[in-house]
Amino acid sequence: MIELADVHVRLGQRDVLCGLTVSLPERRVGMIGANGSGKSTFARLINGLARPSSGAVTVLGLDTRRHAARIRRRVGFLFTDPDAQIVMPTVAEDVAFSLRRKGLSREEVERRVQEVLTRYGLREHADHPAHHLSGGQKQLLALCSVMVLEPDILVMDEPTTLLDLRHSRQVADLLRGLSQQVVVVSHDLALLEDFDRVLVLDRGRIVADAAPEAAIGHYRKIMS
Ligand SMILES: Nc1ncnc2c1ncn2[C@@H]1O[C@H](COP(=O)(O)OP(=O)(O)OP(=O)(O)O)[C@@H](O)[C@H]1O
């Protein structure tokens with residue numbers, strides 16, 4: 001469960017989010033809106049990367065201001081730019097790096113890494129340099145590094161931006177199959193078509209909050 005209570009975020013001279021109050025118990029929540037409307041900031045609030053200037057964000061019963069480290073261990077976050085998340089030389093090492101704090105045996109780390117790379121179609125690239133992957137493959141690698149930690153909530157900021165149609169569908173299928181709650185910021189409206197709920201942000205405010213068809217319809221209207 002994710003809850004925002006009268007959340008304002010001010011960055012520099014700008015009011016980026018303006019008094020948002022919302023509870024998100026649904027399993028798949030999408031977020032759409034114009035460039036600069038505050039979507040990424042909203043996403044970053046959920047794992048404590050961004051802090052409210054006033055108001056409160058509660059995730060899994062924890063206040064993000066007081067428990068940011070605990071929340072980050074339970075909320076996986078996928079950035080738009082996968083290069084921001086790749087830290088190790090090879091694909092397998094990068095995924096294994098995510099597991100370093102778990103205190104697992106070498107064999108268990110290896111088993112989990114191979115399992116997740118197989119699941120997302122990167123097993124044959126396990127020993128390749130991570131920075132030689134294509135943009136889409138890097139996005140899948142970032143996803144592997146997050147999913148191997150089995151987060152309770154997954155937040156994705158434009159996860160299909162670099163993906164071709166086949167890989168976008170793979171991400172859509174993956175989202176359908178996940179048992180975790182997912183919050184997805186996206187300009188890829190097709191990705192959100194079968195979500196449980198979609199929020200539309202406009203200049204830091206929620207201007208629509210509905211099932212996908214109605215929310216996307218509202219978004220098209222304000223963008224026309
Ligand atoms: N650190 C910062 N300092 C000042 N302003 C910022 C900062 N970070 C973001 N902003 C501003 O906050 C507003 C919202 O940014 P945000 O990235 O949340 O929007 P967005 O809806 O995700 O946009 P996009 O669709 O382009 O990714 C933008 O006008 C941005 O310039």
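**Ligand shell and fold of a predicted model**

Me: Which element supplies the largest share of the shell around the ligand?
Reply: In this predicted model, α1 gives the largest share of that shell, with 3 residues. Both α1 (39-46) and β2 (14-24) supply at least two residues each.

Me: What makes a residue part of the ligand's surroundings, and which residues are included?
Reply: The C-beta atom, placed from the backbone, must lie within 6 Å of the ligand. L11, G12, R14, V16, G33, N35, G36, S37, G38, K39, S40 and T41 surround the ligand.

Me: How do the residues of this shell divide into nonpolar, polar and charged?
Reply: The shell holds 8 polar, 2 nonpolar and 2 charged residues. Gly counts as polar under the scheme applied.

Me: Why does the radius of gyration of the chain agree with that of a compact globule?
Reply: For 224 residues the globule rule gives a value near 17 Å, and the chain has 18 Å, so the two agree. The C-alpha trace spans about 50 × 40 × 30 Å along its principal axes.

Me: What makes a residue buried, and what percentage of the chain is buried?
Reply: A buried residue has 20 or more other C-beta atoms within 10 Å of its own. Buried residues make up 41% of the 224 in the chain.

Me: Why are the buried residues of α3 said to lie on the same side?
Reply: In α3 (residues 91-98), the buried residues are V91, A92, D94, V95 and S98. They cover an arc of only 160 degrees around the axis, which puts them on the same side of α3. Their cover includes α4 (106-119) and α5 (135-147).

Notes: Residues numbered from 1 in each chain as written. Predicted model: local features only at pLDDT ≥ 70, side-chain atom pairs only at ≥ 80, totals over all residues. Rg over C-alpha atoms; globule rule 2.2 N^0.38 Å. Buried ≥ 20, exposed ≤ 12 C-beta atoms within 10 Å, placed from the backbone. Helix = DSSP H or I, 4+ residues; strand = E, 2+ residues; numbered from the N terminus. Arc of directions from axis to C-beta. Contact = placed C-beta atoms within 7 Å.
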